[in-house]
Amino acid sequence: MTDCAASLQQARGGAVALGARPWDIYPALAEGEPRCALERVLAGVSSVTVDLYGAGRRTRKGVVFRTAEGIGIIEASEQRPVAIDEAEHVKLLHQATHDVLTGLQNRRRFSERLEEVLAAGEGGRERSALLQIDLDDFKSVNDTLGHSTGDTLLQLAAERIRDALRDGGTAYRYAGDEFAVIQYGKEQPFAAEQLAQALVDAFKPPFIINGIPLFVGASIGVAFGPQHGTESEELMKAADIALYAAKREGRGCARIFNRSMMLLLEQRENLRRNLRVALEREELHLVYQPLIQAPGSIVGFEALLRWNHPEIGPIPPSVFIPMAEADGLMEEIGRWVLEEACREAMTWPQEFNVAVNLSPAQFLGGSLTDTVAQVIDTSGIRADRIEFEITETVLLEQTVDNLDTLNTLNVLGIRISLDDFGTHYSSLAYLKNFPFDSVKIDQYFIRDLLSEKKSQTIVRSIMGLAHGLGMSVTAEGVETAGQALWLVGEGCDCLQGNFLGEAMVADSIPDFIARSSMSLHGMNEQDRF
Ligand code: C2E
Ligand code: MG
Ligand code: MG
């Protein structure tokens, strides 16, 4: 039996059921005179008139409602209750309470149900659980493979959620790729923990859409009422904070809300505020990691941003750069990085390049090319000494505009490399659409290069592909001599990693340059790595 048929039957059985009230279908009837009149109908008074003007969906015949006696409709023209056939009622009820795409209950039903279970548990020991589910990487699938694939993915995701539920609660879709489950009358926290794990597991196998396997995991945040919130908003916030923790701790996992998450969030908020003034207070600085060409000469240095917080100490860029992006600070910080890196590079031998990372946020303002031209002017650096590193995320967003920007930079003589290749979508279309000068293979593939045949095959293929397209290849995160030798043997053009040289402060660069030219003089070709 469908949900609707079940609720219909329940309605016939006696008490006025949930979900079938006229104002659910016609929100304009929720207040004032129409609402009073309808309350009288629902209370069993059979003959009432309701002014339906302003009731919203006037294309319909009237207002459907359900009473203890059965189902009725108030005709707009006749302004009196008449009978309605069951199929019509089921359809209208379904439309009003369900998400059209997935067939799950909608946000409105979600809010109502959450309030209901919280009210029912008030004062008692009955706990309700709210599970907030968010798909990992949904946006990227939608952006790269199109909306119809995105829609199919949501439908399949809804199916997996429904299957995982069995009798464990009801699922709702309340926005984009956000789903929720409410559990009530179960033994908690066990039921919610079990369900959360079942849901995480359900998202492990790939979704096959148009023959393409897509790995899209689910992250889940769990909160319990009344313990973590007696009001629905409070409980939703708690589940959201837990979801955020799940996302941060590697995604594809579930986390239950606890107070220390709140503390962490507050710390992050503090950090965020501090970041706003970090630039003025000169807490940001750059370190430089050498880029080494086989068989062992320096080609340049990559500038890497550091934040040395006066109280907390060093904060890694993976933490503060996303914050700066989210807060709109990255344009300003990015400009500073570029100025600083170019100024520093002017103190090096002229044949050394400087690589600078660009974040997607720097492409949004539309002034990137102007900024770059100004910095080149004021620093006096040759444009062909600058290399910009971008990740595929830059190409995911606003593809046409960003491609234009990249082309303009290219025309200025700046080289562009594709950073962290292999970890994002590695869409070959990017390689076709934009003439990158080089591709940087992510350290993920370099790490186990010597022990994993698969990594070797992948690295070899990326190199073949890049070389075939006239691009050079840099391997990132080279940590051992064995990795370096293997890569050079396979024709990798450039290496970067702690084995070749860790990131260093600007003051250490002259020394590093002097040492590496000395060691080159005293070595044979094969000893250099
Ligand atoms: P990335 O551009 O891929 O930079 C390489 C990262 O790998 C650096 O981490 C570097 O310190 C690290 N690394 C290098 N060699 C090794 C190695 O042998 N072993 C290991 N385990 N790690 C190695 P870092 O400095 O933490 O930077 C992380 C990411 O933050 C960078 O990845 C880049 O995407 C971003 N980032 C750093 N500075 C900037 C910046 O100025 N602007 C922007 N937009 N992003 C930046
Ligand atoms: Mg980089
Ligand atoms: Mg990288």
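**Close-up views of a predicted model**

**Figure 1. Glu-302 and Glu-389 at the magnesium ion (ligand 2).** Glu-302 counts as buried because its relative accessible area is 4%, under the 20% limit for that class. The model shown in these views is predicted. Glu-302 is one of the protein donors of the magnesium ion (ligand 2), together with Asn-357, Glu-389 and Asp-419. The donor atoms are OE of Glu-302, OD1 of Asn-357, OE of Glu-389 and OD of Asp-419, and they lie 1.9 to 2.3 Å from the ion. Along the chain, these donors follow the spacing E-x54-N-x31-E-x29-D. Distant parts of the chain are linked here: Glu-302 belongs to strand 12 and Glu-389 to strand 15 (residues 386–390), and the two are 87 residues apart. Glu-389 has a relative accessibility of 2%, so this residue is buried as well.

**Figure 2. Asp-419 between two magnesium ions.** The magnesium ion (ligand 2) and the magnesium ion (ligand 3) are 4.1 Å apart, and Asp-419 bridges them. For the magnesium ion (ligand 3), the protein donors are OD of Asp-419, OD of Asp-420 and two OE entries from Glu-476, at 1.9 to 2.6 Å. The donor residues of this ion are spaced D-D-x55-E in the sequence. Asp-419 is classed as buried because its relative accessibility is 5%.

**Figure 3. Polar atoms beside ligand 1.** Asp-419 also appears in this view: an N or O atom of its side chain is 2.8 Å from an oxygen atom of ligand 1. The side chain of Asn-357 has an N or O atom 2.9 Å from an oxygen atom of ligand 1. At Leu-305 the backbone takes part instead, with an N or O atom 3.0 Å from a nitrogen atom of the ligand. Ligand 1 exposes 790 Å² when taken alone, and the protein buries 78% of that area.

**Figure 4. The shell around ligand 1.** The ligand is surrounded by 22 residues, and the closest are Arg-306, Asp-419, Glu-476, Glu-479 and Asn-498. Strand 12 (297–309), helix 11 (317–326), helix 12 (330–345) and strand 16 (415–421) each give two or more residues to this shell. Strand 12 supplies the largest share, four residues. Sorted by class, the shell holds eight nonpolar, seven polar and seven charged residues.

**Figure 5. Thr-97 and His-98.** Thr-97 is part of helix 4, which covers residues 86–97. Its relative accessibility is 5%, so Thr-97 counts as buried. The side chains of Thr-97 and His-98 make a polar contact at 2.9 Å.

Conventions
Residues are numbered from 1 along each chain as its sequence is written. Chains are lettered from A and ligands numbered from 1 in the order in which they are written. This is a predicted model: local features need pLDDT of at least 70, side-chain atom pairs count only at pLDDT 80 or more; totals for chains, interfaces and linings use all residues. Side-chain values use heavy atoms; hydrogens and water are left out. A residue is near a molecule or strand if one of its heavy atoms lies within 4 Å of it. A polar contact is a pair of N or O atoms within 3.5 Å; within protein, one must be able to donate a hydrogen and the other to accept it, and residues adjacent in sequence count only if both atoms are side-chain atoms. Accessible areas come from the Shrake-Rupley method with a 1.4 Å probe; for residues, only the protein chains shown count as cover. Ala, Val, Leu, Ile, Met, Phe, Trp, Tyr, Cys and Pro count as nonpolar, Asp, Glu, Lys and Arg as charged, and the others, Gly among them, as polar. Donors are N, O and S atoms within 2.8 Å of the metal (3.2 Å for Na, K and Ca); water is not among the atoms, so sites may look incomplete. Buried means under 20% relative accessible area, exposed over 50%, partly exposed in between (1.4 Å probe, protein chains only).
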